[in-house]
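Here is a short set of exercises to work through with the model open beside you. Try each task before you read its solution.

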Amino acid sequence: MSPFDEKSKIWMNGDIIPWKDATIHIASHVIHYGSSLFEGLRCYKTPKGTVIFRLEAHTKRLYNSCKMYRIEIPYPQEELSQAIIDLIKLNKHDECYIRPVVFRGYGTLGVNPLSNPVVTAILVWKWGKYLGEEALTKGVDVKISSWRRMAPDTFPALAKSGANYMNSQLIKMEAVLDGYVEGIALTSEGHISEGSGENLFCVIDGILHTPPLSSSILPGITRDSVIRLAGEKGIEVKETSIPREMLYIADEVFFTGSAAEITPIRTIDKIKIGRGKVGPVTKILQDGFFAYINGEREDNYNWLTYLTK
């Protein structure tokens, strides 16, 4: 059964069209060569109205991703952000997941993509907790993947590109088929990188550690939010290379991401992490994060875009 509402609308190249009409030709460049860049962000229902979390940061990252691949989005960032707002209202969502995508379309085939048209689209749909409804409290079981993240001089890890997620699929499929919820990838040098679709933090003696951008990670917006919220709580954060075995002896380990939000990890390679459930530092950060996205605290960082009041 499809998780999508196929009666909903999609924004595509400036037009609002029915869901089922949002199709592309089989000879589109993106199908053959993976030439797509995209974003993932969430819209939340709060007592003060419906909000999009960090809309500007997400659309800015999309434009940055496209720049790395020499794609020029034919719309100003402000116009695309407004299109997201309008599409959510049109589909009458009070909460949803949002997926803007930019890709090379139908023109010519060949590795050189420059002559192909650029297609821009936005879709929105209801999407529950990415790693499971109970994951936020009970944690998830993960493994260190046999697949590594790309080396720094192969693909730009800072870009959220469809091609990068072929690597993510290998990590995810291996984990699921081996009986785990998620996998953690190492860098080409053997240090901790990230999950298939999440950034990673660990807590040791009250200090929060996370891999730096040089560890082939996506510059996560939820990651950035957690670092700022940790600073508010007086929790020291170190962006540093993390050896694999450091995770095994950590007091707490958790994932962050727009889809995963803040999800604790209870075991890695069948080794129990800390108490084997959400830890105290993770809980503090979860509470701070959800208080923010639920509109229960002052929006000090202008992270919330209200659609309704």
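**Exercise 1. Find which residues touch the most other members of the largest nonpolar core, and which elements supply it.**

Solution. Start with the core itself, where a nonpolar core is a set of buried Ala, Val, Leu, Ile, Met, Phe, Trp, Tyr and Cys residues joined through side-chain atoms within 4.5 Å. Buried means under 20% relative accessible area, exposed over 50%, and partly exposed in between (1.4 Å probe, protein chains only). The largest such core has 25 residues, and Ile52, Ile88, Ile98 and Ile122 touch the most other members. Next, look at the elements: β4, α2, α3 (77-90), β6 (96-104) and β7 (118-125) each supply at least two residues of this core. The largest share, 6 residues, comes from α3. Helices (H or I, at least four residues) and strands (E, at least two) are DSSP runs, numbered from the N terminus.

Before going further, please keep the ground rules in mind: this is a predicted model, in which local features need pLDDT of at least 70 and side-chain atom pairs count only at pLDDT 80 or more, while totals for chains, interfaces and linings use all residues. Residues are numbered from 1 along each chain as its sequence is written, and side-chain values use heavy atoms, with hydrogens and water left out.

Now zoom in on isoleucine 122. Not counting residues up to four places away in sequence, isoleucine 122 touches Ile10, Trp11, Leu80, Ala83, Ile84, Leu87, Ile98, Arg99 and Pro100, where contact means heavy atoms within 4.5 Å. Finally, there is a second, separate core of 21 residues, which includes Phe53, Val203, Val226 and Ala230.

**Exercise 2. Describe helix α3: what is its span, and which of its residues are buried?**

Solution. First the span: α3 has 14 residues and reaches 20 Å from its first C-alpha to its last, close to the 20 Å expected at 1.5 Å a residue. The expected span is 1.5 Å times one less than the number of residues in the helix. Then the burial: Gln77, Leu80, Ser81, Ala83, Ile84, Ile85, Leu87 and Ile88 of α3 are buried. After the helix comes lysine 92, which has a positive phi, near 60 degrees.

**Exercise 3. Work out which parts of the chain are tied together by the salt bridge between arginine 61 and glutamate 39.**

Solution. Begin with the general idea: side chains of opposite charge can pair when their charged atoms come close. A salt bridge here is a side-chain nitrogen of Lys or Arg within 4 Å of a carboxyl oxygen of Asp or Glu, and the count comes to 15 salt bridges. In one of them, the side chains of arginine 61 and glutamate 39 meet at 2.7 Å, N to O. Arginine 61 sits in helix α2 (residues 55-68) and glutamate 39 in the loop between β3 (36-38) and β4 (41-46), so this pair ties together parts that are 22 residues apart in sequence. As for cover, arginine 61 is buried at 9% relative accessible area, and glutamate 39 is buried at 0%.

**Exercise 4. Find the salt-bridge partner of glutamate 194, then place serine 168 relative to glutamate 194.**

Solution. The partner is arginine 149, with the closest N and O atoms 3.1 Å apart. Glutamate 194 belongs to strand β10 (residues 192-195) and arginine 149 to the loop between β8 (140-144) and α5, so the bridge ties together parts that are 45 residues apart in sequence. Both glutamate 194 and arginine 149 are buried. Serine 168, in helix α5, is buried too, at 5% relative accessibility. From serine 168 to glutamate 194 is 26 residues in sequence and 9.8 Å in space, C-alpha to C-alpha. Leaving aside neighbours within four places in sequence, serine 168 is in contact with Arg149 and Ser196.

**Exercise 5. Is aspartate 224 buried or partly exposed, and how far along helix α6 is arginine 228 from it?**

Solution. Aspartate 224 is partly exposed, at 27% relative accessible area. Aspartate 224 and arginine 228 are 4 residues apart in helix α6, and are therefore separated by about one helical turn. They form a salt bridge whose closest N and O atoms are 3.3 Å apart. Arginine 228 counts as partly exposed, at 33% relative accessibility.
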